[in-house]
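Visitor: I would ask for a close look at a single part of this model, namely its salt bridges. Please describe how the charged side chains are paired and where they lie.

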Amino acid sequence: RIYAMTALTPPPSSRALRVLLAVAIPAAAAREEAPPGMVHITGAQFVMGAEPDAQKLRDDLEQQGVEVQEFWLDATAVTNEAFRGFRKATGYKTEAEKFGWSFVLEMQATDEAKARTNATVKEAPHWLAVPGAWWRYPQGPGSGIADRLDYPVVHISFNDAKEYCKWAGKRLPTETEWESAARRPYASLTSSQKAYPWGDERPSNDSEWRLNLWQGAFPHSDAALDGYAGLAPARAYEPSKVGLYNMLGNVWEWTGTWYAKSSGQRVLRGGSYVDSPDGSHNHMVTCATRMGNTEDSSGDNMGFRCAKAVEGAPKLSPRGYQYSQVKKKRPPPGVGDPLKDGGKAAQELVQAIAAKEGAEGLQKYMDRMGMGADVMMAGDAQKKTEERKRRMMEQAEAAAKAEAEAEARAR
C-alpha cells in the first residue's frame, strides 16, 4: 500500500515537518504489469534539497518537504542500443547532428577529433567543440558504439530526450521525481537525510567505489580507481535497493523541470564522470547535485532516463518543490555565497577555509564557486600594496620632472 497525503508540510522556512492527514489508497502499480526495464517508485513524502551540513553551492536547493505520486522510472539511463532502435524506427536526427558538432572532453577525444578542432570553451579549455561528434561517435570521428551498446547514449539535448520519450510512450521525470527516486530507500520526512542511495559513506579510495567519478588531477589524468576512465556501462556497479543503476555519476540526466525559464534552461541531475566526491573539481556529487543548461546543449557526459505515469493511479496534484517565482537567468557566480555577500559570515568562512586548507584550498573554493578572485595571504597583500605605492610615487616623480623640464624649455 502507499499513502496519498492530503496535506503537506509547513512553509519551507519551517524546520518542523508534519503530516496533517493520511488516507490509505491501494497502489495502482500492483494492478499493472511493470513496463520492461522500469522500476516502480512508490508515492511518498520526503525532504528535498541539499543536506543541511553540506557545503552549499550556487545550484543547490534549500530543503523543503515535498510529495510525489507513484510512477515508473527506467532502471538505467537510456543506452546506445535503445537509442539506435529509436533512430531506426523514426530516422530522428539529434541536435548535435544538425549543428554538426558537440562537446567532448579533450582527454576522451580521439586523435582525429583533436586534429579537426582548436575550438574550446574559454573558461574550460579541456572541453573541445568537436565537428562530427554525436551519439554514434561519442568521442568524435574515429570512435563508435559497436562495443558500447550497453553504455548510456550521450550528446543528447533536452529536445532529443523529449522526442525519444514521446516515441517510447514515456516522459522525462520531474526534478522532484528524480530526487525522490535517487534517495530511495531513504526518502522520508522523518528520518535523517542520506547523501547517497546507499547511505552517508562518501566515495573514496578507502571505501568501495559505487559510482563513476573522476579520480586524479582533472582534466589531465583519471586514475580510474572506480574501474572506468570516462563513461561506464549503464549497469555498472550494484543497483540501489529499489533497483536503480547509476543515479549518481557517469552521465548528467535531463529532467522536465525548468531551471530558469527566462533563459531556456532545464534541470539536469546526478553529476557525471568528470565530477568529484568532495567538490575538489567540478561538481560535488550527492543526491542533491543539480545544474541547469539550455535545451539544445549536449556533450559526452549528458544523457537521460525516462519516467512514466502509473495507469489507474488517482488523479492527485502532489506538492512538488516550490521554486522561486521570480523570473531570472542563472544566478551569477557567487550569489547566495557568504564570500560574495560579504559581512561577518564572509570573514568567518574565509578564516575557516584558510585555517583548514590554507591559501591553496581557499583559492580552489573560490574558483569552484566562480568568484573570479585571487587569494593572497596577508604578507603577500602587504607586498602588493607597497609595490603599488612605489609605482605611484615613481609615476608622480616622473610627471613632476617632465613638468619642470617643460617649464625650463619655455623660459
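Guide: A salt bridge here is a side-chain nitrogen of Lys or Arg within 4 Å of a carboxyl oxygen of Asp or Glu. The model is predicted, and side-chain atom pairs count only at pLDDT 80 or more. On that basis the structure holds 14 salt bridges.

Several of the charged residues are joined in a network of salt bridges, comprising Glu-51, Glu-175, Glu-179, Arg-183, Arg-269 and Arg-290. Within this network, Arg-183 and Glu-179 meet through their side chains at 2.9 Å, N to O. Buried means under 20% relative accessible area. Arg-183 is therefore buried, at 3%, and Glu-179 is likewise buried, at 1%.

A further pair is formed by Arg-266 and Glu-295, whose closest N and O atoms are 2.8 Å apart. Arg-266 belongs to strand β11 (residues 265–269), whereas Glu-295 sits in the loop between β12 (290–294) and β13 (302–303), so this salt bridge ties together parts that are 29 residues apart in sequence. Arg-266 is also buried, with a relative accessible area of 11%.

The salt bridge between Arg-210 and Glu-208 has its closest N and O atoms 3.9 Å apart, which satisfies the 4 Å cut-off. Arg-210 is partly exposed, because its relative accessibility is 28%. To summarise the arginines considered in these pairs, Arg-183 is buried, Arg-266 is buried, and Arg-210 is partly exposed.

Technical notes: Residues are numbered from 1 along each chain as its sequence is written. This is a predicted model: local features need pLDDT of at least 70, side-chain atom pairs count only at pLDDT 80 or more; totals for chains, interfaces and linings use all residues. Side-chain values use heavy atoms; hydrogens and water are left out. Buried means under 20% relative accessible area, exposed over 50%, partly exposed in between (1.4 Å probe, protein chains only). Helices (H or I, at least four residues) and strands (E, at least two) are DSSP runs, numbered from the N terminus.
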